Amino acid sequence: MKDELEAFAKDALEQIQLASSAQSLEEARVHYLGRKGKITEILRGLSQVPEAERPAMGQAANQVKQSLSEAIDARKAELEAVSDANEGEPADFSLPSRRRSEGHIHVINQVTEEILSIFFELGFQTATGPDIETEYYNFESLNIPADHPARDSHDTFFVKPGVVLRTHTSPVQMRVMEKMQPPVAVVVPGRVYRVDNDASHSPMFYQIEGLLVDERVSFAELKGTLMLFVHRFFGKTAKIRFRPHFFPFTEPSAEMDVSCTVCQGKGCRVCKHSGWLEVLGCGMVHPNVFRHAGYDSEKYTGFAFGLGVDRIAMLRHAIPSITHLYENDLRFLEQF
Amino acid sequence: MKISLKWLKDYVDIDVTPEELAKQMTMLGLEIESIEQVGGDIDHIVVGQILSIEPHPDADKLVVCRTNAGREQPEQIVCGAKNMKVGDKVPTALLGATLPGGFKIERRKMRGIESCGMMCSARELGISEDHGGLMILDPDMTIGQDIKDALGIGDVVFEIEVIPNRGDWASMIGVARELAALYGKTCRIPALDLKESGEAASAVASVTIEANELCPRYIGRVLKNAKVEPSPQWLAERLIAAGQRPINNIVDITNYVLLETGHPLHAFDCEKLAGHQVVVRRASAGETINTLDGTLRSLQPEMLVIADAQRPQAVAGVMGGAESEVGEGTATILLESAVFHPISVRRTSRALGLITEASQHFQRGADPEMARYAIDRAAQLMQEIAGAEVLSGALDAYPTPAPVREVRLRYARCNQILGAEIAPDIQRQHLASLGFQAQGGDDTSVLFRIPSWRNDVTLEEDLVEEVARLFNYENIPTVLPHIQPSETVLAPQETRIRALRRFLAGEGLTELYNWTFSSPEAVQKAGLQDTCGDMVTLENPLSEKQATMRSSLIPGILANAAHNVRHGRSSMAVFEVGPVYLPEEGLPTQRQRLAILLAGSLEPKHWGRPQTPVGIFDLKGILETVFDFLGANVRFEAGTFGPMRPGQTAQLLASTTPVGWCGQVRANLLRGYDIESEIFLAEVELDLLLGREKAGRTFSAIPGFPPVLRDLAILVDRNVPAGEILKAAQQAGGPLLREADIFDIYIGKQVDANKKSIALSFVFQSETQTLTDSIIQKQTENIQKRLQKDFGATLR
Ligand SMILES: [Zn+2]
């Protein structure tokens with residue numbers, strides 16, 4: 001029995017060494033070590049072995065089983081090394097790859113999200129309002145009564161008496177203030193409409209409005225908030241400038257300029273040789289606006305700002321004409 | 001408004017460069033549109049003296065001159081003018097000179113005679129409209145001197161944009177006043193030295209205001225024997241610098257005073273006014289007026305007019321009438337300076353479609369004090385320039401003088417609003433420099449009297465802005481606010497829409513962004529007239545194509561597909577998220593929708609394997625991942641929808657609520673868009689799906705026992721929905737059935753014509769034991785029986 005076992009082991013080890021492919025090695029494994037294989041057969045045969053020899057024989061058989069198993073693993077590793085090195089055509093890595101189709105978020109929404117995320121970090125949250133607004137929310141409540149000359153600069157689309165396409169996102173200020181008491185810290189992205197259509201004006205465009213109302217909010221904080229926004233969005237080297245302006249719903253009012261992103265303030269066509277780009281309008285919320293909202297303007301102060309996303313997107317990506325933004329040509333959309 | 005620097009210096013000393021001045025004006029709120037160097041394009045033109053004039057041998061209309069321009073040799077110049085004589089000094093353009101407008105002077109032959117330069121008229125130099133011949137210069141001028149220096153025509157003109165609340169800035173004095181405040185200097189307003197003479201004006205004409213609420217003040221002056229002729233050069237030059245064309249001295253003086261003071265004046269021919277009366281009243285029904293622009297206009301009863309005893313002679317604050325226009329034969333002028341109500345002027349001007357210089361000034365609000373200064377200033381100039389006799393006394397109707405306005409400024413409040421530390425005396429000083437007069441106060445506040453020209457200032461905040469402007473916005477500190485987080489979330493759906501956009505882009509779809517306009521034609525073209533024909537209509541659309549607000553995203557997205565197909569694109573996977581508008585009493589309803597459009601293939605082209613064409617199940621798959629993403633349970637149920645192919649269309653239902661459609665677009669509809677490829681399209685109502693809270697998920701145990709796989713092939717009638725079979729199998733399979741799927745569907749020769757074969761695969765798995773054959777057998781039999789009972793399914 002012992003001799004038989006030794007002979008079997010020797011023969012099996014030779015056969016394993018001779019296996020020349022993964023497949024013939026697997027056949028050998030089944031043949032020797034499988035459930036119906038030789039070793040199983042030998043172990044079953046142990047019952048015929050005299051009682052005294054059984055433990056030694058059993059141990060020997062298990063040793064053979066283990067050494068065969070090790071030999072198979074070793075041979076497998078050798079064969080794999082050979083096939084890794086030699087099998088198949090070498091890949092031509094200069095060939096075009098197989099990529100998944102890429103999707104693109106519209107550039108206006110990319111820029112909007114980037115801007116909003118800066119204000120989210122400061123603690124602002126999103127608010128929204130309807131595109132089609134009442135004249136009250138769009139004008140009167142914002143201190144722009146009927147016949148106010150400021151209405152001249154809001155070329156308005158009318159839907160029916162008292163109803164317009166909003167000309168700015170500012171009406172949402174009023175809707176939010178009617179809904180909640182201070183502190184209010186909101187940013188309002190949205191479509192706005194003006195009767196205007198040429199290379200630099202679109203009848204529909206996109207604005208982001210900001211509003212902060214609390215006790216003791218100051219113009220200095222307006223400057224600080226917008227400075228942070230500019231440094232995050234345009235980079236730390238961007239310079240900013242606040243200069244007086246007029247908006248009916250803020251007092252004091254300002255326009256904010258950013259040093260020209262094209263010429264870095266040296267003067268070029270884009271900035272009309274001034275070195276500055278007008279980026280947004282802002283100011284301290286006018287007491288009449290608070291009065292319409294039912295806020296106590298002695299107790300609360302606030303600031304508001306509004307910026308045109310289209311223009312900022314065009315500046316950032318050097319897009320020459322606003323018509324690209326709404327043409328929906330995939331050759332344009334896929335660039336961003 | 002154009003501001004000439006030379007002219008501005010009449011009123012205030014300016015010691016800075018034009019560039020520096022532009023910056024300072026900007027920081028005061030005077031927005032600079034452009035800076036123009038006047039005379040900057042005049043070069044190589046000098047004072048020359050004509051030495052001889054000979055006839056041209058071959059041209060009757062030309063002469064040959066020799067002109068001393070201060071160089072070694074006189075210049076030979078061929079000239080067509082006739083008004084000069086030997087010894088006259090004239091502007092002489094040398095070789096290489098450029099005239100305004102860019103005309104270059106070169107050596108050339110005129111009818112065979114060489115000409116080496118050009119002698120110029122005033123118009124050729126761009127300094128007046130006078131083209132009556134050469135400009136004859138002062139005989140004392142130095143030969144050879146640069147003409148710009150000789151005439152002093154170098155100037156810088158700032159074009160400023162006047163913001164709507166600062167009407168006072170639309171004048172030289174207004175701008176000068178602002179700069180004087182900035183520099184701490186005085187503003188020199190020209191002193192009046194009017195010499196009245198002759199009879200009393202009131203003996204010649206009368207002024208009556210019948211509509212005092214629309215005209216708080218009306219001043220008339222009567223002038224006699226004015227000589228109407230071209231304006232002197234200094235006056236003409238100033239008007240030209242301001243971008244105006246000189247006409248005659250009387251008209252030019254009213255325009256000059258308007259530029260100087262910002263107050264519009266009007267001159268009537270007093271003889272043409274019936275009864276020599278001025279009546280300020282509302283128009284009567286049916287009245288008309290022939291305005292100065294030669295148009296007959298119908299007047300409405302709410303419009304304010306300046307009438308004589310019989311009829312309107314001017315539309316108040318907008319335009320004068322032709323009948324009483326001042327001309328050559330005018331012997332007596334009635335000069336008007338008035339204050340009209342801004343809203344009344346604005347409404348009238350808009351109703352007549354007549355926006356004039358005067359109406360723009362009046363609708364910003366006029367200064368009643370400046371009204372008096374302006375008329376006296378104009379009368380004085382007419383006296384000096386046109387030799388007019390100014391009759392004694394002004395016809396000044398000012399029944400209710402404007403009340404004194406006062407506003408209190410609290411120093412601490414000012415600093416609190418600005419977030420700055422500006423000392424009380426500095427605050428006071430800034431306001432005083434702008435003409436606000438302190439009426440006494442204490443340590444904490446001061447009461448200011450508001451100057452008559454500042455009708456924009458009514459509140460403390462307005463004073464705060466004035467302090468801030470003079471303090472300079474740049475000097476206010478920059479501080480970050482401490483924002484208290486709010487418990488109220490105002491627009492939770494916005495966050496989800498942003499996430500949905502990113503998700504779809506991650507799925508390989510590109511976002512479109514359309515104008516939200518539409519039109520009945522666009523809706524019809526998209527086959528939506530039955531479902532989306534009811535739209536919000538605009539009263540003043542830009543064009544027929546944008547006559548309405550969109551009621552569906554489909555017309556837009558199909559037009560986008562057409563645009564891209566036209567530019568050679570065959571594969572597209574695009575989406576749009578945005579609002580549609582549905583008419584309603586009051587404000588329309590606004591709904592967020594999602595549209596998805598697929599065409600061609602979802603895979604990029606590749607050399608290694610062919611592209612799989614996109615199909616309806618790709619669209620269904622994308623929609624399902626969207627619904628999973630949103631946590632919504634949406635069914636697809638066969639249906640019919642305008643733009644889509646029958647049999648290839650499904651309605652989307654969230655339980656029983658319709659939330660949209662998906663399907664393949666009809667080929668005969670696509671023909672209208674010149675699209676020949678297959679288009680798969682869906683539109684989904686997002687509001688309902690976004691409104692749902694995504695269900696929280698809880699952990700389920702990961703099975704520790706091996707799965708068992710079984711297949712089952714059955715035959716059923718062709719019209720049985722495969723999804724129903726799958727659903728029934730899932731129910732019948734009991735808790736051990738982990739997964740069920742369809743892996744093959746066969747219709748063809750090997751089965752009956754009205755049958756289809758469906759191959760199902762199942763995965764059974766238990767959480768507590770290894771499954772035996774007999775257990776599995778029982779489960780598959782249950783499934784089999786259920787399918788037989790429900791669908792008449794037989795084993796294949
Ligand atoms: Zn630039």
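**Exercises: a zinc site and a strand**

The donor residues of the zinc ion follow the sequence spacing C-x2-C-x4-C-x2-C. The model worked on here is predicted.

**Exercise 1.** Determine which atoms coordinate the zinc ion, and what arrangement they form.

*Solution.*
Step 1. List the donors: the SG atoms of Cys260(A), Cys263(A), Cys268(A) and Cys271(A) coordinate the zinc ion at 2.2 to 2.3 Å.
Step 2. Take the angles: the four donor atoms subtend 103 to 113 degrees around the zinc ion.
Step 3. Apply the cut-off: four donors count as tetrahedral if all angles lie between 85 and 135 degrees. The arrangement at the zinc ion is therefore tetrahedral.
Step 4. Compare with the ideal: for four tetrahedral donors it is 109.5 degrees.
Step 5. Check burial: among the donor residues, Cys263(A) and Cys268(A) are buried.

**Exercise 2.** Describe which strands pair with strand 30 of chain B, and in which sense.

*Solution.*
Step 1. Locate the strand: strand 30 of chain B covers residues 572–582, and 11 of its 11 residues are buried.
Step 2. Take one partner: strand 27 of chain B (residues 510–511) pairs with strand 30 of chain B in the parallel sense, over two bridges. Here Thr510(B) stands opposite Val574(B).
Step 3. Take another partner: strand 31 of chain B (residues 589–599) runs antiparallel to strand 30 of chain B, and 11 bridges join them. In this pairing Pro579(B) lies opposite Gln592(B).
Step 4. Inspect the connection: strands 30 and 31 of chain B form a hairpin with six residues between the strands. In this hairpin Gly586(B) has a positive phi near 70 degrees.

How values were computed
Residues are numbered from 1 along each chain as its sequence is written. Chains are lettered from A and ligands numbered from 1 in the order in which they are written. This is a predicted model: local features need pLDDT of at least 70, side-chain atom pairs count only at pLDDT 80 or more; totals for chains, interfaces and linings use all residues. Side-chain values use heavy atoms; hydrogens and water are left out. Two strands pair if DSSP finds at least two bridges between them. Helices (H or I, at least four residues) and strands (E, at least two) are DSSP runs, numbered from the N terminus. Donors are N, O and S atoms within 2.8 Å of the metal (3.2 Å for Na, K and Ca); water is not among the atoms, so sites may look incomplete. Four donors count as tetrahedral if all angles lie between 85 and 135 degrees; four count as square planar and six as octahedral if opposite donors are over 155 degrees apart and all others between 65 and 115; anything else is irregular. Buried means under 20% relative accessible area, exposed over 50%, partly exposed in between (1.4 Å probe, protein chains only).
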